[in-house]
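Trainee: Please take me through a single part of this protein in detail. I would like to look at its largest pocket.

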Amino acid sequence: MKSIHRRRLGAGLALAAATLATAATAAEPSLAGTWTLTAADRLTPDGARRRDYGEHPKGRLIIDAQGRYSLQIFNGDRPRVVSGEKATSTPEEFAAAALGSSTHYGTVAVDQVAHVLVFRIEGASFRNWEGTEQRRKYVLTADSLSYQVPTPRPDGSIPISEWRRER
């Protein structure tokens, strides 16, 4: 009789643990969806928050149910090419275009223990990122997502991206 009781107790505890794990996972909204950039900033070593992609950054992040993503961030104030032709851009125009954009795609997953997003980058406008994994601390609600890189840039600043879910 005691062994039956123990098995039932063990099964009940296992069911309770599984229910709690499911509830904890279900409590956080899904990343899947279309997101519009609301801020692309950086925290400076002195604690100030500054714009990283101009005063009017633009961007889109699309994540499907399998975790595949495509991300684009642009400086909304970057200059147009005077000639109207990409191939005849000046060195300054090329630099503004390259430094005024960040695009990449691949897969993204949530590490719930460390509370970080794990971006596995397959293709990127900055080729050095291709084939890398980047981890970013995040905050996710039903309608917003923000994340920051954990390691400061060489100048000590830390990039922060904020997104609004499209409905």
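**The largest pocket**

Mentor: Start with confidence. This is a predicted model. Its mean pLDDT is 88, and 84% of the residues reach 70 or more. One stretch needs care. Over residues 5–25, pLDDT stays under 50. The model has 1 contact beyond four places in sequence for that stretch. Where pLDDT is low, the predicted coordinates should not be read in detail.

Now go to the pocket itself. The largest pocket holds about 630 Å³ of space. Its lining is made of 26 residues. Find the centre first. Y53, S102, W129, R153 and P159 lie nearest to it. Next, trace the elements around the pocket. Those that give two or more residues to the lining include the strands β1 (33–43), β4 (68–74) and β5 (101–111). Further along the chain come β7 (133–140), β8 (144–148) and β9 (158–165). The helix α2 (91–99) also belongs to this group. Then sort the lining by residue type. It has 14 nonpolar residues, 8 polar ones and 4 charged ones.

For context, look at the second largest pocket too. Its space is about 320 Å³. Here 14 residues form the lining, and R78, P79, R80, V81 and A97 are the closest to the centre. Helix α2 turns up again: it gives the most to this lining, with 3 residues. By type, the second lining splits into 5 nonpolar, 4 polar and 5 charged residues.

Notes:
Residues numbered from 1 in each chain as written. Predicted model: local features only at pLDDT ≥ 70, side-chain atom pairs only at ≥ 80, totals over all residues. Heavy atoms only, no water. pLDDT = per-residue confidence, 0-100. Contact = heavy atoms within 4.5 Å. 1 Å grid on protein atoms, 1.4 Å probe; cavity = no way out; pocket = protein on both sides within 12 Å on 5 of 7 lines; lining within 4 Å. Points joined across faces, edges and corners; volume = space filled by probe spheres on them. Helix = DSSP H or I, 4+ residues; strand = E, 2+ residues; numbered from the N terminus. Nonpolar A, V, L, I, M, F, W, Y, C, P; charged D, E, K, R; others polar.
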